[in-house]
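Biologist: Could you walk me through the ligand site and any enclosed space in this protein? I'd like to start with the contacts.

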Amino acid sequence: MTDKATRHLLDIDSLDSDTVQSLLNRAGALAAGSAPSHLDMTVANLFFEPSTRTRVSFELAAQRLGMRVINIELDRSSSTKGESLTDTAATLAAMGVDCIVLRHPETGRCHKLASEVPAGLSLLNAGDGRGHHPSQALLDAATIAALGMSWSALDLSIVGDIRHSRVARSGLQLFRRLGIGRLRAAGPPDMMPDDMDLAGVEVCTTLDEALEDANAVMMLRIQRERMDKTGWPDSKHYHQEWGLTEARLASAAPGCRVLHPGPINRGVEIAADVADGPRSLILKQVRMGVFMRMAILEWLAGRHQAN
Ligand code: CP
């Protein structure tokens, strides 16, 4: 990498507002057909948790920028022989890897690794436990920005398992920063967070309260992998109370758009006809994910960004 100060993308709050705006603008421009940069760099995908969208879109983004991409197969890597993540990162850096895209089940693991890696090796947080998922929040905002709606006109509700959701944490940080008109969060009491900053967020206790007049709603999957099995809710009951259906969308603003970071669980947090319906932005989010991750990789390399 040519940039002197090594950049990492760990969370939304560590990005300044100019960078946020530049990333949104650049992803939008790439989606509209702007020519991508060519980056003579190598990225390694290191995923300690399953992923379809994030891993594949970082890989496609890097390929479109002409980067070399290494997908580490963890079950065939030396992490199975006891190598620490810090040593794995240093080993990859010594081989010329410029950037690691890391997904890890431990909250805070990406931040910790950032304090340990050699200078010149960038880290992109692709989701750490209940912590942060900054590229998801940025692609969600870019998807909404592509609709042409002003931030002040956006009335967004984030609904479901907020407590265990890194998407919600990053999204709340980002949408609050963007100064959207109204921001609500709602979920069952045992899925509401006790460690998230909810300043400026209206907390609702029912789905209907969260939907009333909203012009965008983001549904969240129940993060069963982060729950004690005894705490798993019954899917049918959950759907009755908290599942988004066409009938329940009637109390939202006309044309209310529906987002979901995926993967979706049809018939649990969202009905299939809503997920597949005309209000759904779900596949637009997936598409924008590639462009946002291209913008992020360009930013890491010091291209096309405000600072
Ligand atoms: N939204 C998201 O992070 O999806 P994946 O787990 O498939 O990457």
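Modeller: A polar contact here is a pair of N or O atoms within 3.5 Å. Please keep in mind that this is a predicted model.

Biologist: OK, so how far is a nitrogen atom of the ligand from the side chain of Gln136?

Modeller: A nitrogen atom of the ligand lies 3.0 Å from an N or O atom in the side chain of Gln136. The protein covers 91% of the 250 Å² of accessible area that the ligand has on its own.

Biologist: And what about the ligand's oxygen atoms?

Modeller: An oxygen atom of the ligand is 2.8 Å from a polar backbone atom of Thr52, and for the side chain of Arg103 the distance from one of its N or O atoms to a ligand oxygen is 2.8 Å.

Biologist: Which other residues are around the ligand?

Modeller: Besides Thr52, Arg103 and Gln136, the residues around the ligand include Ser51, Arg53, Thr54, His133, Pro261 and Gly262.

Biologist: Changing topic, how many cavities of 30 Å³ or more are there?

Modeller: The count comes to 1 cavity, and about 60 Å³ of space lies in the largest cavity.

Biologist: What gives the most to its lining?

Modeller: Helix 10 does, with 4 residues, while helix 2 (53-64) and helix 5 (134-145) are also among the elements that give two or more. The lining divides into 3 nonpolar, 4 polar and 2 charged residues, and among them are Arg53, Gln136 and Pro261.

Biologist: Where does this cavity lie relative to the domains?

Modeller: The largest cavity lies between domain 1 (12-133 + 289-300) and domain 2 (134-286), because both give residues to its lining.

Key:
Residues numbered from 1 in each chain as written. Predicted model: local features only at pLDDT ≥ 70, side-chain atom pairs only at ≥ 80, totals over all residues. Heavy atoms only, no water. 1 Å grid on protein atoms, 1.4 Å probe; cavity = no way out; pocket = protein on both sides within 12 Å on 5 of 7 lines; lining within 4 Å. Points joined across faces, edges and corners; volume = space filled by probe spheres on them. Nonpolar A, V, L, I, M, F, W, Y, C, P; charged D, E, K, R; others polar. Domains from an automatic or database assignment. Near = heavy atom within 4 Å. Polar contact = N/O pair within 3.5 Å; in protein donor to acceptor, adjacent residues only side chain to side chain. Areas by Shrake-Rupley, 256 points an atom, 1.4 Å probe, with all protein chains shown as cover.
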